[in-house]
Amino acid sequence: MPHRKSLSMIWRRIPERYRLEGTRCATCGRYFFPPRSFCPDCRRKGRIEKATLSGKGKVYTYTVVHVPLEGFERYAPYILAIVELDEGPKITAQIVDAEPNEIAIGMPVEMHFRRVSEDGETGIIHYGFKFAPIKA
Amino acid sequence: MNRVAVIGVGMSKFGEHWDMGFREIMAEAATKAVNDAGITGKDIEAIYGGTMSAGRFVGQEHVGALIADAVGLNPIPSTRVEGACASGGLALREAYLAVAGGHYDIVVAGGVEKMTDVFSEQAAITLGGAADQEWEVFQGATFPTLYALIARRHMEEYGTTEEQMARVAVKNHANASKNPLAQFPFEITIDKVLSSNKIAEPLKLLDCSPITDGAAAVILASEKVARKFTDTPVWIIGSGQASDTLALHDRKDICTLNATVVARKKAMKQANVKPSDINVAEVHDCFTIAEICAVEDLGFVKKGEGGKAEEEGMFDLNSDISVNTSGGLKACGHPVGATGVKQAVEITMQLRGECGPRQVDKAEIGLTHNVGGSGATAVVHIFSR
Ligand SMILES: [Zn+2]
């Protein structure tokens, strides 16, 4: 990773990155991922509760990255997408188990738990979510 | 509010300055601006300096003080302003507000970035700091990636093509070929853009703005004192700024930079002008798709029609609205913190009729548009003779 991270910085994001734990406003029903601690629509009237997302969604837009970020060289070229989850939130994630020419906007995808990057040879290995096409 | 005039402008050559450091580049631009205004250092009451990341590019923070020191203006107040690639535009706005509010009569708005003292991978990481580190960069997003995501969606929704995007780069290079201070003062062809190396599809190398060293400065004055120094003041008649979500994916519609729309409406309302009144504009073309979004979000054309309008030459030099006469970020260069101020330098020179071969005929009203990140900050200024 470009910005070398402390262990606690990584550890505190485990619920979101490993399990897609977000939040939801019980007042208006809007889901938040990454979690928000207050609802921008309902403000003070909002009631925030924990909500784990299903991990199913559709490709909203995508790109094939040829010049990778440091720490991602082994994956290049890789497909990066914004995925619109069924519950509403959109998230940025890699698409795996698919060739670039198989990807299209609107394609159904689901979350997979994967290795994301590593801090060089001796640093932390980062895990989290990627998405793959839903096999019929 | 007091009326505010630009009474002096200056910029360094944009490019790779291996022989110059952060201090020298800033001092060159500031000295040119002070000489252009015909003021002396002791007339200046405050400095607002835009820089995105001196800390990561040259290991130097506390650059507000450094700038005042470098230009020999201690002990006046000097404040660093940061808003990623919009840092310069924000510095201009802070300087404008300080004079408009009656706090000062003469201030400097400067912008500077020294980007080539680190390797390009390092520069890319630093620029990535404008995006959401935890939810975009962690996932493998680079800066071009985010604009590539916008481009792909714009193509899907509006039928925008890679050729139309390439046309933006061709136009801006043609303008830069008439600007001796531009980093790339030469023309390119559509084929050259289309066949350049893929960065993040559909964006190719020549869709992207470069890494640049450079600085720019403008001297702002209240109406009360402006006429003492110049017969050709250029007035700032509107200023607007807005914000949006840091992460691109959090926006309802990623093809619209809502911060640009809001900032433009505020600035145009204050200036009492409409988009069709603008003769010349410097817009934030960090990538070719960004100029297509900008001409839409600034109201020059309807949403979705930017690509076609570029293809038809609507924004070429001396056509409907001359856009990025300096060469834009693409070809004049993009020293991130300097860009927003450089835009004001170009528009001032256009309105004063000093742009030589790239001069826009009858330039009466100009606009600058500076964006931070993938659109989380936008700032728009409107200028008139
Ligand atoms: Zn709510």
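## Exercises on a zinc site, an interface and a helix residue

In this predicted model, A:Arg13 and B:Glu134 are joined by a salt bridge, with their closest N and O atoms 3.0 Å apart.

**Exercise 1.** Work out how many salt bridges and how many residue pairs in polar contact are found across the interface of chain B and chain A.

*Solution.* Begin with the pair A:Arg13 and B:Glu134, whose closest N and O atoms lie 3.0 Å apart; a salt bridge requires such atoms within 4 Å, so the pair qualifies. Across the interface of chain B and chain A, the rule finds one salt bridge. Turning to polar contacts, the rule finds 15 residue pairs across this interface, with both residues at pLDDT 80 or more. The elements of chain B that give two or more residues to the side touching chain A are helix H5 (120–128), helix H6 (143–158) and strand E5 (198–200). Of what touches chain A on that side, H6(B) gives the most, with seven residues.

**Exercise 2.** Describe the extent of the contact between chain B and chain A, and name the residues of chain B that lose the most area.

*Solution.* Take the residues first: 35 come from chain A and 32 from chain B. Next comes the area, since the two chains bury about 3100 Å² between them, with 59% of it on carbon and sulfur atoms. Within chain B, the residues that lose the most area to chain A are B:Trp135, B:Phe138 and B:Gln139, which together account for 27% of what that side buries.

**Exercise 3.** Identify the donors of the zinc ion, and explain why their arrangement is called tetrahedral.

*Solution.* The zinc ion is coordinated by the SG atoms of A:Cys25, A:Cys28, A:Cys39 and A:Cys42, at 2.3 to 2.4 Å. Along the chain, these donors follow the spacing C-x2-C-x10-C-x2-C. The angles subtended by the four donor atoms run from 105 to 112°; because tetrahedral requires all angles between 85 and 135 degrees, the arrangement is tetrahedral. As a last step, consider accessibility: A:Cys25 counts as buried because its relative accessibility is 0%, whereas A:Cys28, at 40%, counts as partly exposed.

**Exercise 4.** Place B:Thr348 in its helix, and decide whether this residue is buried or exposed.

*Solution.* B:Thr348 belongs to helix H14 of chain B, which covers residues 336–352. Its relative accessible area is 0%, and therefore B:Thr348 is buried, the cut-off being under 20%. Apart from neighbours within four places in sequence, B:Thr348 is in contact with B:Val6, B:Val9 and B:Val234.

Technical notes. Residues are numbered from 1 along each chain as its sequence is written. Chains are lettered from A and ligands numbered from 1 in the order in which they are written. This is a predicted model: local features need pLDDT of at least 70, side-chain atom pairs count only at pLDDT 80 or more; totals for chains, interfaces and linings use all residues. Side-chain values use heavy atoms; hydrogens and water are left out. Donors are N, O and S atoms within 2.8 Å of the metal (3.2 Å for Na, K and Ca); water is not among the atoms, so sites may look incomplete. Four donors count as tetrahedral if all angles lie between 85 and 135 degrees; four count as square planar and six as octahedral if opposite donors are over 155 degrees apart and all others between 65 and 115; anything else is irregular. Buried means under 20% relative accessible area, exposed over 50%, partly exposed in between (1.4 Å probe, protein chains only). Contact means heavy atoms within 4.5 Å. Buried area is the accessible area (1.4 Å probe) that two parts lose on being put together, summed over both. A salt bridge is a side-chain nitrogen of Lys or Arg within 4 Å of a carboxyl oxygen of Asp or Glu. A polar contact is a pair of N or O atoms within 3.5 Å; within protein, one must be able to donate a hydrogen and the other to accept it, and residues adjacent in sequence count only if both atoms are side-chain atoms. Helices (H or I, at least four residues) and strands (E, at least two) are DSSP runs, numbered from the N terminus.
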